[in-house]
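Subject: Structure for you to look at, with notes

Dear colleague,

Here is the structure I promised to pass on, and my notes follow below it. Please keep it open while you read, since the notes go from place to place.

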Amino acid sequence: MTATVDSKGQDMSRGTARPLWTGAVLLCGLWAAAAPVPHDTVALMEQLRGGVPEAQRNAATALAKAGAAAVNPLIAALQDQDERVRFHAAWALKEIGKPAVQALGAVLAGDHAAARYPAAYALADSREKSLLPAWLTAVGDADFRVRYYAVRALSALDDPRVGVAIEGALADETPLVRQAAAGAAARAGNASGIEGLSALMHPGVDADTRFRAAFSLWELKDQRVVPALIRGLTDADPRVRHHCAWALGDLNANAGAKPLIAVLQDSSDDTLKSYAAASLKQITGQQFGFDAAKWRGWLEGSELTGP
């Protein structure tokens with residue numbers, strides 16, 4: 001299950017985000033002529049809005065299993081005033097999948113701002129080509145969370161307009177959106193994507209975004225990311241430092257050998273030193289543990305070159 005993102009850009013698990021059905025709201029009148037909702041679905045929607053977390057989770061799970069019969073009331077619940085209810089409904093709609101896609105698309109393209117975010121979350125992994133116009137509009141939404149999911153969704157669609165939208169998102173005011181855009185651009189082979197991810201490892205960017213950027217850089221398996229990973233060895237956040245030290249070894253980055261030896265000499269972070277020593281072994285085929293002097297002596301007499 002893909003995590004949701006809260007208003008601060010943090011991940012929200014299903015355990016903290018829940019929905020509630022008012023039963024009266026019909027978006028744009030599109031479902032006014034729909035078949036009556038089965039009695040058990042009505043009962044589950046009442047349970048969903050009841051406010052008891054475990055009961056809400058159980059109701060969302062049951063509604064997801066109900067499939068198409070639950071789509072209309074769940075869509076209505078996306079406009080509920082309680083954010084927990086909206087996101088229980090969004091989770092269930094995401095699980096229902098294709099039968100819910102068009103109704104969710106109408107919400108994404110609609111005027112109800114609070115409903116667009118959960119709809120974007122539910123649709124982000126659908127790869128539905130018919131939603132392209134809605135996603136192209138959503139990438140400019142006032143809510144950065146909608147923009148984030150729009151970038152993610154667009155990156156999976158094949159259309160010339162996608163590249164333009166993602167390039168624009170590289171300049172988004174929110175680091176989370178820039179990270180998603182940079183990752184998408186880099187995976188498409190665009191050098192601006194690697195540059196964008198590297199820029200997100202700047203000390204002035206928040207630690208969570210720096211870590212996500214470092215992880216995304218490693219995922220590219222491209223030697224062009226090595227300079228950014230080397231800079232990450234001195235990051236203020238230990239998650240970033242540890243990941244970068246490990247990633248340099250995983251990428252067999254020859255250029256990382258000298259900076260990793262510097263870690264062994266200068267760092268007081270024993271976990272970082274462990275990653276550095278393991279990566280040096282992987283890069284060089286040698287094993288000198290934490291002994292920076294031996295590593296340096298070996299490196300000076302070696303022919304280790306390259307990225």
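Leu74 is a good place to begin, because its relative accessible area is 0% and it therefore counts as buried. Please bear in mind throughout that this is a predicted model.

Leu74 lies in helix H3, which covers residues 71-77. If neighbours within four places in sequence are left aside, the residues in contact with Leu74 are Met45, Leu48, Leu63, Ala89, Ala92, Leu93 and Ile96. Its C-alpha atom is 9.5 Å from that of Val85, a residue 11 places away in sequence.

A second buried residue is Thr41, for which the relative accessible area comes to 2%. Thr41 belongs to helix H1, made up of residues 39-48, and, when residues up to four places away in sequence are not counted, it touches Leu63, Ala69, Ala70 and Pro73. Leu63 thus appears among the contacts of Thr41 and also among those of Leu74.

As for the chain as a whole, its secondary structure consists of 17 helices and 2 strands, and 50% of its 307 residues count as buried. Taking the contacts between residues at least 6 apart in sequence, 62% of them join residues that are at least 24 apart. The chain exposes about 14100 Å², and carbon and sulfur atoms account for 53% of that area.

Next come two helix pairs that have helix H10 in common.

The first pair is H8 (residues 144-154) with H10, whose axes come within 9 Å of each other and cross at roughly 5°. Because angles under 35 degrees count as roughly parallel, H8 is described as roughly parallel to H10. On the H8 side the contact is made by Phe144, Arg147, Tyr148 and Val151, which meet Leu176, Val177, Ala180 and Ala181 in H10. Sorted by type, the residues of this contact are 7 nonpolar and 1 charged, with no polar residue.

The second pair is H10 (residues 175-187) with H12 (residues 207-219), where the axes come within 10 Å and again cross at roughly 5°. That crossing angle makes H10 roughly parallel to H12. Here Pro175, Leu176 and Gln179 in H10 meet Thr209, Arg212, Ala213 and Ser216 in H12, and the residues of the contact divide into 3 nonpolar, 3 polar and 1 charged. Leu176 of H10 is therefore listed in the contact with H8 as well as in the contact with H12.

Several residues in loops may also be useful to you.

Asp125 sits in the loop between helix H6 (113-123) and helix H7 (132-138), and with a relative accessibility of 40% it counts as partly exposed. The side chain of Asp125 makes a polar contact, at 3.1 Å, with the side chain of Lys94. Asp125 and Tyr149 are 24 residues apart along the chain, and their C-alpha atoms are separated by 8.9 Å.

Which residues other than glycine have a positive phi? Two that I noted are Lys221, with phi near 55°, and Asn252, with phi near 50°. Lys221 is in the loop between H12 and helix H13 (226-231), and its relative accessible area of 48% makes it partly exposed. Asn252 is in the loop between helix H14 (238-250) and helix H15 (257-266), and it too is partly exposed, with a relative accessible area of 39%.

On the far side of that loop, in helix H15, is Pro259. Is Pro259 buried or partly exposed? Its relative accessibility is 22%, and since buried means under 20%, Pro259 counts as partly exposed. Not counting residues up to four places away in sequence, Pro259 touches Ile230 and Leu233. The C-alpha atoms of Pro259 and Ala245 are separated by 9.4 Å, with the two residues 14 places apart along the chain.

With best wishes

Terms used
Residues numbered from 1 in each chain as written. Predicted model: local features only at pLDDT ≥ 70, side-chain atom pairs only at ≥ 80, totals over all residues. Heavy atoms only, no water. Axes fitted to C-alpha atoms, helices over the stretch in contact; angles between N-to-C directions. Helix = DSSP H or I, 4+ residues; strand = E, 2+ residues; numbered from the N terminus. Parallel < 35°, antiparallel > 145°, perpendicular 65-115°, else oblique. Contact = heavy atoms within 4.5 Å. Nonpolar A, V, L, I, M, F, W, Y, C, P; charged D, E, K, R; others polar. Buried < 20%, exposed > 50% of the residue type's maximum accessible area, 1.4 Å probe, protein only. Areas by Shrake-Rupley, 256 points an atom, 1.4 Å probe, with all protein chains shown as cover. Polar contact = N/O pair within 3.5 Å; in protein donor to acceptor, adjacent residues only side chain to side chain.
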